[in-house]
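Q: I'm about to go through a protein structure for the first time, and I'd like to talk it over piece by piece. Could you walk me through it slowly?

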Amino acid sequence: MAKNILSQVIPAINNYDPLITSWLGDKPAVLSTEVAAHFQKRHQHILRDIDRLRSILPKSFTATNFGCSDYQDSTGRKIRQFILTRDAFSLLVMGMTGPAAIRWKLRYIEAFNAMERELLERHDGDLFLAGARAAAQRLAGEERARLADCALALLDEGLTQREVGKLLRVSRWTVRRLKRRFGFLAAPKAETHMVQGVLA
């Protein structure tokens with residue numbers, strides 16, 4: 001069965017037809033009726049899945065991502081429908097099965113992988129260090145991270161751990177721990193080579 005679905009999905013990935021969107025406030029959105037048609041599901045089943053999702057999601061999320069409205073069907077009956085933002089739509093589709101849902105999920109994965117590749121290509125050492133420094137500050141606390149910055153700067157200047165400890169009024173063991181925990185934040189030292197006992 002899975003093999004059959006994949007054989008239908010793979011050729012159709014390049015022919016992916018996006019849904020027509022509408023708006024929910026200032027967010028792009030899609031109607032539940034369009035979702036049903038696109039994914040070849042009965043609208044009442046889509047409504048059932050949306051109701052199930054809304055029952056387990058926080059009200060703050062459902063209020064901003066699920067809009068409710070009505071439409072008239074071909075017999076003139078008023079039937080409820082939902083206007084789904086991208087986030088609500090994503091949650092709904094992630095629970096679906098079938099060829100159209102698998103195509104959408106594959107597109108979603110492809111987009112995420114493309115974003116990851118772009119971020120890796122843009123990777124900049126300064127951005128990495130800024131992120132690492134921010135993470136270290138969150139984990140250790142700002143005061144401890146500032147102390148580590150000072151200690152690492154003084155150690156880079158050539159002071160010993162004991163001298164740095166005296167200047168910062170902490171023990172040399174504290175300086176050692178700071179260096180071990182935060183040493184990856186220190187600026188990389190220029191490589192030096194020994195040539196017959198003399199620095200080159």
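A: What follows is a short conversation about this structure, which is a predicted model.

Q: Okay, how many helices and strands does the protein have?
A: The protein has ten helices and six strands.

Q: And how much of the protein is buried?
A: Of the 200 residues in the protein, buried residues account for 27%. As for the outside, the protein exposes about 14200 Å², and carbon and sulfur atoms supply 56% of that area.

Q: What about contacts between residues at least 6 apart in sequence, what share of them join residues at least 24 apart?
A: That share is 53% of such contacts in the protein.

Q: Let's do the strands. In what sense do strand 1 and strand 2 pair?
A: Strand 1, which covers residues 22-24, pairs with strand 2, residues 27-31, in the antiparallel sense, and three bridges link them. One of the bridge partners you can look up is Ala29 in strand 2, which is matched with Ser22.

Q: What's in the turn there?
A: The two strands form a hairpin with two residues between them, and Gly25 in the turn has a positive phi of about 70°.

Q: Which other strand is joined to strand 2?
A: Strand 2 is also joined to strand 4, residues 78-85, by three bridges, and these two strands run antiparallel. If you want to follow the pairing residue by residue, Val30 stands opposite Leu84 in strand 4, while Leu31 has Ile83 in strand 4 as its bridge partner.

Q: How many bridges join strand 3 to strand 4?
A: Seven bridges join strand 3, residues 66-72, to strand 4, and this pair also runs antiparallel. Within that pairing, the bridge partner of Ser69 is Gln81 in strand 4. Strand 3 and strand 4 form a hairpin as well, with five residues between the strands, and in this hairpin Gly76 takes a positive phi near 90°.

Q: Is strand 4 mostly covered or mostly open?
A: Strand 4 is mostly covered, since six of its eight residues are buried.

Q: Switching topic, how many aromatic pairs are there?
A: The structure holds three aromatic pairs. One of them is formed by Phe61 and Phe66, which sit edge-to-face with 6.3 Å from centre to centre and 70° between the planes.

Q: Are those two buried or partly exposed?
A: Phe61 is partly exposed, with a relative accessible area of 21%, whereas Phe66 is buried, with a relative accessible area of 5%. The cut-off explains the two labels, because buried means under 20% relative accessible area.

Q: What about Phe89 and Trp104?
A: Phe89 and Trp104 form an edge-to-face pair too, with 5.3 Å from centre to centre and 90° between the planes. Phe89 lies in helix 5, residues 86-94, and Trp104 lies in helix 6, residues 99-121, so this pair ties together parts that are 15 residues apart in sequence. Phe89 counts as buried at 9% relative accessibility, and Trp104 is buried with a relative accessible area of 8%.

Q: Which residues form an aromatic cluster?
A: Phe39, Phe89 and Trp104 form one aromatic cluster, which brings us back to the pair we have just discussed.

Q: Now the far end of the chain. Which residues in helix 10 are buried?
A: In helix 10, residues 172-182, the buried residues include Thr174, Val175, Leu178 and Phe182. These four residues lie on the same side of helix 10, because they cover an arc of only 100° around the axis.

Q: Tell me about Thr174, what does its side chain contact?
A: The side chain of Thr174 makes a polar contact with the side chain of Ser171, at 3.0 Å. Thr174 itself is buried, with a relative accessible area of 10%.

Q: Where is Gly165 found, and what does Gly165 touch?
A: Gly165 is found in helix 9, residues 161-168, and, leaving out residues up to four places away in sequence, Gly165 touches Val170, Ser171 and Val175. Of these, Ser171 is the residue whose side chain makes the polar contact with Thr174, and Val175 is one of the buried residues of helix 10.

Q: Is Gly165 buried or exposed, and what separates Gly165 from Arg176?
A: Gly165 is buried, with a relative accessible area of 3%. The C-alpha atoms of Gly165 and Arg176 are separated by 9.2 Å, and these two residues are eleven residues apart along the chain.

Definitions and conventions
Residues numbered from 1 in each chain as written. Predicted model: local features only at pLDDT ≥ 70, side-chain atom pairs only at ≥ 80, totals over all residues. Heavy atoms only, no water. Buried < 20%, exposed > 50% of the residue type's maximum accessible area, 1.4 Å probe, protein only. Contact = heavy atoms within 4.5 Å. Areas by Shrake-Rupley, 256 points an atom, 1.4 Å probe, with all protein chains shown as cover. Pairing = 2+ DSSP bridges. Phe/Tyr/Trp six-rings, centres within 6.5 Å; stacked < 30°, edge-to-face > 60°. Arc of directions from axis to C-beta. Polar contact = N/O pair within 3.5 Å; in protein donor to acceptor, adjacent residues only side chain to side chain.
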